[in-house]
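Me: I have a structure here and want to understand how its strands are arranged. Can we go through it step by step?

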Amino acid sequence: GLDNNRFGLLVATSTEPETLVFLAKKLFRRSVARLPLAGCHFVRQSTFLSENLVIYHREARRRVVFRFAKAEAPIVTRLVDDLRARTGTPTPAAPVATAVPDRRSSAVLTGSSN
């Protein structure tokens with residue numbers, strides 16, 4: 001329910017471990033989006049200028065990307081580990097290329113990189 005390229009806060013509460021809440025803002029408007037985590041996979045994607053938290057659901061073909069500054073790589077790693085623990089998603093043993101539903105059909109590495 002949100003447009004692309006929004007700044008905001010990503011909130012995870014202990015009362016609703018299966019849901020993330022994204023509080024976005026644009027000029028004078030604020031928006032709230034709830035992201036159900038059931039059936040989702042979580043990946044840390046390292047790019048040239050940013051560290052990305054990618055949340056995707058294969059069956060629903062839905063993908064959400066949260067971009068963080070490059071210096072916040074440890075935070076993104078902890079987020080991925082926490083989200084996997086909350087949902088019971090297993091941690092991959094080794095980095096494996098996984099197809100992520102995307103218009104460009106790009107590949108994303110799962111597991112830790114660098």
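Me: In what order do the 3 strands of the open sheet with strand 1 stand?

Reply: This is a predicted model, where local features need pLDDT of at least 70, side-chain atom pairs count only at pLDDT 80 or more, and totals for chains, interfaces and linings use all residues. Residues are numbered from 1 along each chain as its sequence is written, and side-chain values use heavy atoms, with hydrogens and water left out. Strands (E, at least two residues) and helices (H or I, at least four) are DSSP runs, numbered from the N terminus; two strands pair if DSSP finds at least two bridges between them. Here the pairing is antiparallel, and the order is 1-2-3.

Me: Which strands stand at the edges of this sheet, and why is one side of each left without a neighbour?

Reply: An edge strand here has a single partner strand, so one side has no neighbour in the sheet. That describes strand 1 (7-12) and strand 3 (29-36).

Me: By how many degrees are neighbouring strands of this sheet turned against each other on average?

Reply: Axes are lines fitted to C-alpha atoms, for helices over the stretch in contact, and angles run from 0 to 180 degrees between N-to-C directions. For this average, direction is ignored. The value is 20°.

Me: Which residue in strand 3 is the bridge partner of F22?

Reply: Strand 2 (residues 19-26) and strand 3 run antiparallel, joined by 8 bridges. Strand 1 also pairs with strand 2, over 6 bridges, and there L10 stands opposite F22. In strand 3, the partner of F22 is A33.

Me: Which residue takes a positive phi in the hairpin of strand 2 and strand 3?

Reply: The hairpin of strand 1 and strand 2 has 6 residues between them. In the hairpin of strand 2 and strand 3, 2 residues lie between the strands. The positive phi, near 50°, belongs to L27.

Me: What is the bridge partner of R44 in strand 5?

Reply: Now to another open sheet, with 3 strands in the order 4-5-6 and antiparallel pairing. Strand 4 (41-46) and strand 6 (62-69) stand at its edges. Strand 4 is joined to strand 5 (residues 50-57) by 6 bridges. The partner of R44 is L53.

Me: At about what angle does helix 1 run to strand 4?

Reply: Helix 1 covers residues 73-87. This helix lies across strand 4, strand 5 and strand 6. Contact means heavy atoms within 4.5 Å. To strand 4, helix 1 runs at about 170°.
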